[in-house]
Amino acid sequence: MTSSSDANRVIIFDTTLRDGEQSPGASMTLEEKLEVATLLDQMGVDVIEAGFPIASNGDFEAVSEIAKRVRNATIAGLARAGNKDIDRAGEAVRHAAKPRIHTFLSTSPVHMKYKLQMEPERVLELVVSSVTRARNLVPDVEWSAEDGTRTEMDFLCRCVEAAIKAGATTINIPDTVGYTVPEEYRALFRTVRERVPNSDKAIFSVHCHNDLGLAVANTLAGVEGGARQIECTINGIGERAGNAALEEVVMALKTRADIMPYHCGIDPTMLMRASKLVSAVSSFPVQYNKAIVGRNAFAHESGIHQDGMLKNTQTYEIMTPESVGVLKTSLVMGKHSGRHAFREKLKELGYELGENALEDAFKRFKDLADRKKHVYDEDIEALADDEIDNADDHIKLVSLTIVAGTQGPQLATMTLDVEGQHKTVQASGTGPVDACFKAIHAIIPHEAKLELYQVHAVTEGTDAQAEVSVRISDAEGRVVNARAADPDTLVASTRSYLAALNKLHSRAARMGGVAVRIHSTSPLGGV
Ligand code: KIV
Ligand code: ZN
């Protein structure tokens, strides 16, 4: 095995909260972003790109809260080349232990001509002025040549040299449109590093999009070409086809250290947890056959493979599930397990709930253990996630009775606790889920639109808990995701919709608006 040295230490720059959040529909609440940032920090991410502060007040607030809370990782805020963008990013990362401004400008002919409508010489001037301004605010400045892989080499080298001279400490050459191929990207970094006279004064960075399914391959090639920072996202979420997936890059480097002698500071045993968290808060399901973190990534179905695995796991496994934090699905506890054992199990799974949330989660666990034959780790995780999501609810489900089946109409009789007051309605719908959502509407009239409704089974078997994710949006463009789990799909559906309404209500209240009127005037009784 080739030995690793510090010259081969690769910086992991995670942009789940910025490029990842730019995926249509993947927007996260402030609390969710803080939860993700905390986990990224714990798992050893070197740089967290927390958002694009000029984009909205919500983005600014998220970057600045993350900057205040996270103590290990560098916190980056994204900025275009304008003064306002850069100042806003500087303000947002001001309280970080290690602040970074990441400023970018397009350098390809097509972007300069049509998007910027600027001559190359003007672009070059802006590179210098933007980096200089950022350097006056923070000592750590990253400059990106947007659409770098479609930029003419001479001009790219001039821009990179100018940016380094103006004080950029990291130079990122993104494959913005996912166009390059590994050999070309490797050569690009080699050429730029050779031709730019001051290239040794900066760290070079790769940032790859997955339009041709080559993001991870290109990323690794860029590192071979001399880049020592990798920009990536959990589960590969991001614009269009997404970005290079952090878990895939990290495990490729680790598993093939024999031919790629690079190392990073990520604790790979936290990869699965990070994947689940990001999937849950963004409501982006992880495809079953996704490398590293997909449900089937370590499943062996065919007889020949199973036989080989029983003889020696190395026959079909190039890394162990435990090495990426896949816990063996274990039968955890039954209905006789006590509070202490439950708390310990949560700790083992990486959850620290406050006393009230713990008590609620414990009650729900007992209830689950009464109803379900086997309670697995995944069930406990779903329960804990649910508790974290639904901690400060103004609206809670008290009871639900459904009439469903071939003889319509499907009916939902529902009682909600709305800030301490019980309200009951009966509603009919096209199917039981529709009836449930109509009943909620009758008690809490609101304008929010359902954007996504998704169900998946937490474990196997017909008694598995259903985890339901919903995404709703309001007229002001606020979007929230929420999820809930229960062995009854209709209860999970109702609770996830309520969780989303609660979130929308809290978010609107924080921003001084009203998205969901909690105090409804609708009559109690039948609809
Ligand atoms: O893909 C891209 O070019 C980007 C830049 C802002 C770095 O995300
Ligand atoms: Zn990008």
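Me: What makes Asp-59 and Lys-33 a salt bridge in this model?

Reply: In this predicted model, the closest N and O atoms of Asp-59 and Lys-33 are 3.7 Å apart, and because a salt bridge asks for a side-chain nitrogen of Lys or Arg within 4 Å of a carboxyl oxygen of Asp or Glu, the pair qualifies as one. The two partners belong to distant parts of the chain, Asp-59 to helix H3 (residues 57-69) and Lys-33 to helix H2 (residues 30-43), 26 residues apart.

Me: Why are Asp-59 and Lys-33 called buried?

Reply: Buried means under 20% relative accessible area; Asp-59 has 13% and is therefore buried, and Lys-33, with 3%, is therefore buried too.

Me: What makes Asp-211 and Arg-240 a salt bridge, and which parts does the pair tie together?

Reply: The closest N and O atoms of Asp-211 and Arg-240 are 2.7 Å apart, which satisfies the requirement of lying within 4 Å. Asp-211 sits in the loop between strand E7 (203-208) and helix H9 (215-224), while Arg-240 sits in the loop between strand E8 (229-232) and helix H10 (246-255), so the salt bridge ties together parts that are 29 residues apart in sequence.

Me: Why does Asp-211 count as partly exposed, and why does Arg-240?

Reply: The partly exposed class lies between the buried limit, under 20%, and the exposed limit, over 50%. Asp-211 has 32% relative accessibility and so belongs in that class, and Arg-240, with a relative accessible area of 47%, is therefore partly exposed as well.

Me: How do you know that Arg-339 forms a salt bridge with Glu-359?

Reply: The closest N and O atoms of Arg-339 and Glu-359 are 2.9 Å apart, and the cut-off is 4 Å. This pair also links distant parts of the chain, with Arg-339 in helix H13 (residues 339-348) and Glu-359 in helix H14 (residues 355-371), 20 residues apart. Set against the limits of 20% and 50%, Arg-339 is partly exposed because its relative accessible area is 41%, and Glu-359 counts as partly exposed because its relative accessibility is 26%. Elsewhere, Arg-18, Asp-19 and Glu-49 are joined into one network by salt bridges that share partners, and a search of the whole structure finds 31 salt bridges.

Me: What makes the eight strands a barrel, and in what order do they run?

Reply: The eight strands close up in the order E1-E2-E3-E4-E5-E6-E7-E8, with parallel pairing, and the twist from one strand to the next averages 25 degrees.

Me: How do you know that strand E5 and strand E6 pair?

Reply: Pairing requires at least two bridges between the strands, and strand E5 (residues 141-146) and strand E6 (residues 170-175) have three, in the parallel sense; one of the residues involved is Ser-144, whose bridge partner in E6 is Asn-172. By the same test, strand E2 (residues 47-51) pairs with E3 in the parallel sense over four bridges, and the bridge partner of Gly-51 in E3 is Gly-77.

Me: Why is strand E3 described as largely enclosed by the rest of the structure?

Reply: Six of the six residues of strand E3 (residues 74-79) are buried, so the strand is largely enclosed. Both of its faces are covered, with Thr-74, Ala-76 and Leu-78 buried on one side and Ile-75, Gly-77 and Ala-79 buried on the other.

Me: Why is H9 described in the same way, as largely enclosed, and what covers its buried residues?

Reply: Eight of the 10 residues of H9 are buried, so the helix is largely enclosed by the rest of the structure; among them are Val-216, Leu-220 and Val-223. The cover includes E6, helix H8 (182-195), E7, E8 and H10. H9 lies across E6, E7 and E8, running at about 170 degrees to E7, and is followed by Gly-226, whose phi is positive, near 115 degrees.

Me: Why is Thr-494 called buried, and which residues is Thr-494 in contact with?

Reply: Thr-494, in helix H17 (residues 489-510), has a relative accessible area of 0% and is therefore buried, the limit being under 20%. Leaving aside neighbours within four places in sequence, its contacts include Leu-397, Met-414 and Phe-437. Thr-494 and Phe-437 are 57 residues apart in sequence and 6.9 Å apart in space, C-alpha to C-alpha.

Definitions and conventions
Residues are numbered from 1 along each chain as its sequence is written. Chains are lettered from A and ligands numbered from 1 in the order in which they are written. This is a predicted model: local features need pLDDT of at least 70, side-chain atom pairs count only at pLDDT 80 or more; totals for chains, interfaces and linings use all residues. Side-chain values use heavy atoms; hydrogens and water are left out. Helices (H or I, at least four residues) and strands (E, at least two) are DSSP runs, numbered from the N terminus. Buried means under 20% relative accessible area, exposed over 50%, partly exposed in between (1.4 Å probe, protein chains only). Axes are lines fitted to C-alpha atoms, for helices over the stretch in contact, and angles run from 0 to 180 degrees between N-to-C directions. Contact means heavy atoms within 4.5 Å.
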